[in-house]
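Let's take a walk through this one together, going from one local detail to the next. Keep the viewer open and follow along.

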Amino acid sequence: MAGPYFIKIQEFLPMKHTLSVLVENEPGALSRITGLFSGRGFNIESLCVAPTLDHTMSHLTLVTSGDEYIIEQIIKQLNRLVDVYKVVDVSEGEFVEREMALIKVKAEDETRAEVLRMCDIFRCKVVDVSPKTYTIEVTGPESKLKAVMELLKPIGIKEITRTGTIAIQREKKTL
Amino acid sequence: MTKLPGKQMVVEALKREGVDVVFGFPGGAIIDVYDAMEKDGNIKHVLVRHEQGAAHAADGYARATGKVGVCIATSGPGATNTVTGIATAYMDSIPMVVFTGQVPTSLIGNDAFQEVDIVGITRPCTKHNYLVKDVHKLPTILKEAFYIAGSGRPGPVLIDLPKDIQNQVAEFDYPDKIKLRSYNPVVEPHTRQIERAFKLIEKSKQPIIYAGGGVIIANAHKELRKLAEAIYAPVTMTLMGLGGFPGTHEQSLGMLGMHGTYCANMAMANTDLIIAVGARFDDRVTGKIEAFAPNASIIHIDIDPTSIQKNVKVDVPIVGDCRRALKKLVKVIEEDGRPPEVWKEKYQPWWDQIRAWNKRHPLTYKTEPGVIKPQYVIEKLYELTKGKAIVTTEVGQNQMWTAQFYKFDEPRTLLTSGGLGTMGYGFPAAIGAQMAFPDKLVIDVAGDGSIQMNIQEMATAMEQKLPVKIIILNNQFLGMVRQWQELFYDRRYAATEFSVTPDFVKLAEAYGAKGFRATKPEEVEDTLKKGLETDCLTIMEFAIAREEGVFPMVPAGKATTEMLLV
């Protein structure tokens, strides 16, 4: 027998969930949320925050993973925070999600045209040009970003920044 | 409307919230609030000897009264010294407001003298906290803090007060009531869920009520008793739930879990329906979770939705105030109209089984001639006080023996650090309880290890003329850890033996208190009698069997039916 604490790591099939969180626009509110995730051992895959039309509230989109019990705990724990107004698992229903990436890609002589062709196919925008690079803005669901990155990789990605996912429920549903 | 400086706003808020006593320790960054309190003169301040003592004393006051406890400390080390006390209160859901001084706003972030980010440090162990950056917001923050601390699932709230804010002046518009759009605890349980719960109770052949600290916090002890008596169900309690149902009641099975009674753990393992009230299926209660109550359906009443379905799957979740939920449930049972005898008959085979378990392995200990058994001390203490005292404990064996052998009949009579397990909690908590109830007998049951963690508060008790009684069960070991080492680490007593312990009788005398010692079993009763009769702070030291263990014991990670017995 080993030590006194036998902590069994639960095996589960992690499912991705996209949570929309409305939170008071107060100092420390974001830290409470991220602290909750680290303190209780939950995952954050991406996190995106900005004020809403009502400037006293922020909208936070959080992508996390876990089985149904973990997701239930995450939602309950978030709701327990005094600053959190509302939590919705948007991935439960119909929703639209988008992410943006800025990709600085090598574009020299023979590859310059190829990069532009790729932009065209994926409806990306070139937002900055230098003699040896293009910086491309790509928007879409995460799968599209992944596809673009995969195709640009062989050409040579110099730098990349991503916003993290934002999401909204379809049709009449509002937070 | 009146204009007030921040420091005076704090004092006014304390008065309006009905705070009659605060526990604290001053310093440069909080000196202004102290000055305002001194000038006002309406708030009793208890000067502790270490800020941890202030936090525990405020906690003890809150547990004994049900009111919000208040403590004050300065910035930096003063603030960090309260953290253990805050975390203790957080784990046991105790309403508390903590004020800390902070360096002036212009210096925040500059690594100024005695600066620490206490709001950042306490974020994971407070229910909520505030750094006040605008004096105009202070009145609302003060109101919110008391409201948040005391409502829903209670907990500690910290307000960090920069020195300049304490002196800036603004309108003091103190709200009578407050509504927060992002904080609305559900108190009223769903009627349909109550009906579903009743259906499960009707179907059950072997139910058990599992009551936790929530019963005490919600003042639901009367309703709990009504429920238990209405359906004649056995009741077991967590450490935090002791006193929520009378320990001497024929339906009480005593405490369950790691050091629970044999019959309580066996009943939990064999039940077909757990009615959980204000409890959270903590690992010390469930043991190995896969083996926990395998055949049971679960009804879970709790005000905090996160407690439900956290560790075990629940069939009927009931979110709401325990008292209201129990009231509704009792009403449904009354409307059903079956008299208690019908239930009694229905559960007779179950009760026969429970009584057989209890007969097989009752709570007991072996006596040895010439050696004081700690359980005997607690039994005698119970006899002599007739169970009427407020008992606090430290953490470890002293705590478990008290939980097992002192029968708590009333709520708020056992004050103990359950969740965090804080050694050094009991004595300052006793000071807080004695401040609230000057005429009651307040006793701290301690070990020789834990009493030394906050022994400096003896000066506080003397200064306030508090007749707290300290019982030290002295085995010159850190007994609980030693017990684990004996059982699971081949008796390698790594760092658990004390080769030097102060002479506690002389120590008591050094503080101007009284001290008594018993070294033989026949001296126990007399020592207790002498010690309990004094009108001042008193230490009663008992030289107990050095290697006595706490039994039953469920080894950590084992099923609760795998108990080691006496």
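**A walk through the model**

B:Thr126 counts as buried, at 4% relative accessibility. Bear in mind as we go that this is a predicted model. You'll find B:Thr126 in the loop between H6 and strand S6 (128-131) of chain B. Its side chain has a polar atom 2.8 Å from the backbone oxygen of B:Thr122. Setting aside residues up to four places away in sequence, B:Thr126 touches B:Ile86, B:Tyr90, B:Pro156 and B:Leu158.

One of those partners, B:Ile86, takes us to helix H5 (residues 83-91) of chain B, where the buried residues are B:Val83, B:Gly85, B:Ile86, B:Ala87, B:Thr88 and B:Ala89. What sits over them? The cover on the buried residues of H5(B) includes three helices of chain B, namely H3 (51-65), H4 (77-81) and H6 (118-122), along with strands S5 (96-102) and S7 (156-162). Just past the end of H5(B), have a look at B:Ser93, which takes a positive phi of about 55°.

Now move along chain B to a pair of helices. Helix H12 (residues 262-270) and helix H16 (residues 348-360) of chain B pack with their axes 8 Å apart, at an angle of about 140°. H12(B) and H16(B) are therefore oblique to each other, and their crossing is right-handed. On the H12(B) side the contact is made by B:Tyr262, B:Cys263, B:Met266, B:Ala267 and B:Asn270, while H16(B) brings B:Trp350, B:Ile354, B:Trp357, B:Asn358 and B:Arg360. Sorted by class, that contact of H12(B) with H16(B) comes to 7 nonpolar, 2 polar and 1 charged residues. If you wonder about the spacing of contact residues along a helix, recall that an α-helix has 3.6 residues a turn, so residues three or four places apart point the same way.

Two residues of H16 are worth a stop. Is B:Trp357 buried or exposed? At 5% relative accessibility, B:Trp357 counts as buried. B:Trp357, which lies in helix H16 of chain B, is in contact with B:Tyr262, B:Cys263, B:Met266, B:Ala267, B:Asn270 and B:Trp350, once its neighbours within four places in sequence are left aside. The fold also brings B:Trp357 and B:Ala264 to a C-alpha separation of 8.9 Å, though they are 93 residues apart along the chain.

Then there's B:Lys359, also in helix H16 of chain B. B:Lys359 counts as exposed, since its relative accessibility is 74% and the cut-off for exposed is over 50%. From C-alpha to C-alpha, B:Lys359 is 9.7 Å from B:Tyr262, with their positions 97 residues apart in sequence.

Chain A has a helix pair of its own. Here helix H1 (residues 29-39) and helix H2 (residues 68-80) of chain A pack at about 145°, and their axes are 10 Å apart. H1(A) passes H2(A) in a right-handed crossing. A:Ile33, A:Leu36 and A:Phe37 come from H1(A), and they meet A:Ile74, A:Gln77 and A:Leu78 of H2(A). By class, the contact between H1(A) and H2(A) holds 5 nonpolar residues, 1 polar and no charged ones.

For a link between the chains, go to A:Glu24, found in strand S1 (residues 15-24) of chain A. A:Glu24 is buried, at a relative accessible area of 13%. What does its side chain reach? A polar contact of 2.8 Å joins it to the side chain of B:Arg181. Not counting residues up to four places away in sequence, A:Glu24 touches A:Ala29, A:Thr56, A:Met57, A:Asp83, B:Arg181 and B:Ser182.

Let's finish with some backbone details in chain B. B:Gln476 isn't a glycine, yet it has a positive phi of about 50°. B:Gln476 sits in the loop between strand S18 (469-474) and helix H21 (479-488) of chain B and counts as partly exposed, at 36% relative accessibility. B:Asp490, not a glycine either, has a positive phi of about 50°. B:Asp490 lies in the loop between H21 and helix H22 (504-510) of chain B, and it is exposed, with a relative accessible area of 63%. Last stop: a cis peptide bond, with omega about 0°, joins B:Phe551 and B:Pro552. You'll find B:Pro552 in the segment after strand S20 (538-543) of chain B.

Terms used. Residues are numbered from 1 along each chain as its sequence is written. Chains are lettered from A and ligands numbered from 1 in the order in which they are written. This is a predicted model: local features need pLDDT of at least 70, side-chain atom pairs count only at pLDDT 80 or more; totals for chains, interfaces and linings use all residues. Side-chain values use heavy atoms; hydrogens and water are left out. Axes are lines fitted to C-alpha atoms, for helices over the stretch in contact, and angles run from 0 to 180 degrees between N-to-C directions. Helices (H or I, at least four residues) and strands (E, at least two) are DSSP runs, numbered from the N terminus. Angles under 35 degrees count as roughly parallel, over 145 as roughly antiparallel, 65 to 115 as roughly perpendicular and the rest as oblique. A crossing is left-handed if the near helix is turned anticlockwise from the far one by less than a right angle, and right-handed if clockwise. Contact means heavy atoms within 4.5 Å. Ala, Val, Leu, Ile, Met, Phe, Trp, Tyr, Cys and Pro count as nonpolar, Asp, Glu, Lys and Arg as charged, and the others, Gly among them, as polar. Buried means under 20% relative accessible area, exposed over 50%, partly exposed in between (1.4 Å probe, protein chains only). A polar contact is a pair of N or O atoms within 3.5 Å; within protein, one must be able to donate a hydrogen and the other to accept it, and residues adjacent in sequence count only if both atoms are side-chain atoms.
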